[in-house]
Amino acid sequence: MPNSVRIAAGQGFYGDSPRAAITIALQRGADYIIHDALAELTLSILQKDRQKDPSLGYARDLEFTAYNLIPMCYKNGIKLVTNSGGLNPYGAAKKVSEILNKQGIKDLKIAVITGDDVFDRLNDFQANGLTLSNIDTGKPFSEVNFPVTHANVYVGAKSIADALAQGADLILAGRVADPCLTLGILAHHFNWALDDENLSQEGLNKLACGITIGHLLECGGQASGGNSYAEWPMDYPLHNLGYPIATVFADGSAVFSKLEIEGGCVTKNTIREQLVYEIHDPSHYITPDVVVDLTHVTVEEVAKNQVRVSGSLGKPRPENLKLCIGLHEGFMSDMIAFFSWPCAYEKCQKFIQAVKDIWANAGLSGIERAEFQLLGLNGIHGEAAISASPEVLSEMNEIGVRLVIKHSDTKTGSMAFKSIVCLGLNGPPGLTAIPGWGKENRTLLSLWPTLIPRKLVQTTVHCAKASEYLQ
Amino acid sequence: MKVRLIEIAAARSGDKNDVCNIGVLAKSAEAYQILKKQLTPELVKAHFGNLIQGQVIRYEWDSIEALNFVCFQALDGGASRSLRMDTLGKNFSSHLLRLEIEI
């Protein structure tokens, strides 16, 4: 097709299987593959890695894809754009280069994008009068007493477009906002203006369309039949779910499809379903590059597994960028035990009472909060769950109990569970628990979303051959 | 006559820190009109009881025949600090689909 470009979803989260992306690369099913590795809490996970080893802090599945997906893309002329660099894009480039070097690949050009990490600048920001108020609660950052784990700004598409203009084959970025990975590719390919305060309405609309396409691609298989109520009972194979591929035209319209040889499906329903995912006001979806009005989007099935998406409208980009600060709030520990018929429910209640009494007598004052969830009854929906009738309850085959506590020190987590081990023999009959069903002392993090003026944030692109990252 | 929402709609939910949104997709144009009339934010908030501590805002999305419910203080402080099982609110969709509405 003339003047169009194909962008495929590669992985939808840190840890997602690269199988679909490898198939797309093998089949030359796209010109670009994007991999959005950074969910809101992923940077917190990467921070734990970096604390243990300063050379880490990137999405470690890159180490696997450097053996298969990245060489396959390079061989077939497909460019891979990802924010898997996380907190350490240079570390990611070094690791990937080492693995490529073992395979004799030296000339692949890697672009590293930095500038989103403002961890070291938070004090300066405050000294210069920024309150870094929480956008959800309005509280100023000065009230925070927890240690900061990371602080990253959601940056836009410009650095992606610049890196591609410099000939990058692989882009390793940090906290580039999810849909901006795709917008950067489109801005480069179609020469759309970014970073311009006086864009025409037509220019803004194109950026808005690019964001919409990026939003539809950023969660991998969620736009092609995965996690779908709209297509339930999912009358298609899931084991080989094909990931969505957008063929995008110069006006910003796109046709979504998937490889015919793959499972899953692309329908009006799967696209609608992903369109609403994690959106707040659909007429005002804020991104670093453009504010998007999604309420005029049209979604049409043009053929089997071919869905056309068009009609997003753009409004000028925001003056401020979103900054997400991670805070170490303490620890949590949880444990799961099951009881069987007869009287599964009553046994759970008896068990919970015993646990409460043991903790009270042991004086475990470090427990700040304890929750008791009944798996099979209200584990997922809590107190909102519909109650089971007494007849159903008395005949339940089995019910699980999940104990979960929040605490500020690791000793409390260990003591809390050691103190109730005795219930294996002293408790209600038939307690079934395996040590792997739960975990002590998991780090508990909270996120502090705030805004900072965009002029305080400059991203940098460094583009070089893989071999140059080896030193 | 009452029906469960799952008969006339699909839904997908997700998280943004402590905010959960539930997109409700009508299965037909007729169903969308029923949803617009019956599925109020007050009804949604009541259905979730204390799971949603803050307000629920409803957005109408005519071009794709969907309603989007944005639920504040809904995820026990957000996925990375929540003590819940469903830390990301992925099953807010499931619970909402069980709601009975008048048609």
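In this predicted model, A:Lys465 comes out as partly exposed, at 38% relative accessibility. Its salt-bridge partner is A:Asp107, with the closest N and O atoms 4.0 Å apart. A:Asp107 is likewise partly exposed, and its relative accessible area is 45%. A:Lys465 belongs to strand E18 of chain A, while A:Asp107 sits in the loop between helix H5 (89–102) and E4 of chain A, so this one pair ties together parts that are 358 residues apart in sequence.

A second long-range pair joins A:Arg317 to A:Glu197, and here the closest N and O atoms are 3.8 Å apart. A:Arg317 is found in the loop between strand E13 (313–315) and strand E14 (320–340) of chain A, and A:Glu197 in the loop between H8 and helix H9 (201–217) of chain A, so the bridge ties together parts that are 120 residues apart in sequence. The two ends sit in contrasting surroundings: A:Arg317 is buried, with a relative accessible area of 16%, whereas A:Glu197 counts as exposed at 66% relative accessibility. The cut-off for buried is under 20% relative accessible area, so the 16% of A:Arg317 puts that residue in the buried class.

Then there is A:Arg50, whose side chain meets that of A:Asp117 in a salt bridge (3.8 Å, N to O). This pair, too, links distant parts of the chain, with A:Arg50 in helix H2 (residues 42–52) of chain A and A:Asp117 in the loop between E4 and helix H6 (122–127) of chain A, 67 residues apart. A:Arg50 has 22% relative accessibility and counts as partly exposed; A:Asp117 is partly exposed as well, with a relative accessible area of 31%. Over all chains, the structure holds 25 salt bridges. Some of them join up into a network, which links A:Glu329, A:Glu368, A:Lys406 and B:Arg81.

That network brings in a residue of chain B, and the contact between the two chains comes next. Chain B puts 41 residues into the contact and chain A puts in 49 residues. Together the chains bury about 4100 Å², of which 57% is on carbon and sulfur atoms. On the chain B side, B:Arg12, B:Trp61 and B:Leu83 stand out: they supply 22% of the area that chain B buries against chain A, more than any other three residues. Polar links are part of the picture too, with three salt bridges across the interface and 29 residue pairs in polar contact. B:Arg12 has a hand in this as well, since its side chain meets that of A:Glu273 in a salt bridge (3.7 Å, N to O). The elements giving two or more residues to the chain B face are strand E2 (9–16), strand E3 (19–26), helix H2 (41–48), strand E4 (56–61), strand E5 (66–71) and helix H3 (92–97) of chain B. E2(B) makes the largest share, at seven residues. By residue type, the chain B face divides into 16 nonpolar, 15 polar and ten charged.

Back inside chain A, strand E2 (residues 32–35) is buried on both faces: A:Tyr32 and A:Ile34 point one way, A:Ile33 and A:His35 the other way, and all are buried. Strand E1 (residues 4–11) of chain A pairs with E2(A) in the parallel sense over four bridges, and A:Ile7 stands opposite A:Tyr32 of E2(A).

Helix H1 (residues 19–26) of chain A is mostly covered, with six of its eight residues buried. The buried set runs through A:Ala20, A:Ala21, A:Ile22, A:Thr23, A:Ile24 and A:Ala25. These pack against E1, E2, helix H4 (69–75) and strand E7 (245–249) of chain A. After H1(A) comes A:Arg28, whose phi is positive, near 50°.

Helix H7 (residues 158–165) of chain A also has a buried set, made up of A:Ser159, A:Ile160, A:Ala161, A:Ala163 and A:Leu164. The cover over these residues includes E2, strand E3 (79–82), strand E4 (109–114), strand E6 (170–173), helix H8 (178–190) and strand E18 (460–465) of chain A. H7(A) is followed by A:Gly167, where phi is positive, near 90°. Strand E18 of chain A thus appears twice, as part of the cover over H7(A) and as the strand that holds A:Lys465.

Definitions and conventions: Residues numbered from 1 in each chain as written. Chains lettered and ligands numbered in written order. Predicted model: local features only at pLDDT ≥ 70, side-chain atom pairs only at ≥ 80, totals over all residues. Heavy atoms only, no water. Contact = heavy atoms within 4.5 Å. Buried area = accessible area lost by both parts, 1.4 Å probe. Polar contact = N/O pair within 3.5 Å; in protein donor to acceptor, adjacent residues only side chain to side chain. Nonpolar A, V, L, I, M, F, W, Y, C, P; charged D, E, K, R; others polar. Buried < 20%, exposed > 50% of the residue type's maximum accessible area, 1.4 Å probe, protein only. Pairing = 2+ DSSP bridges.
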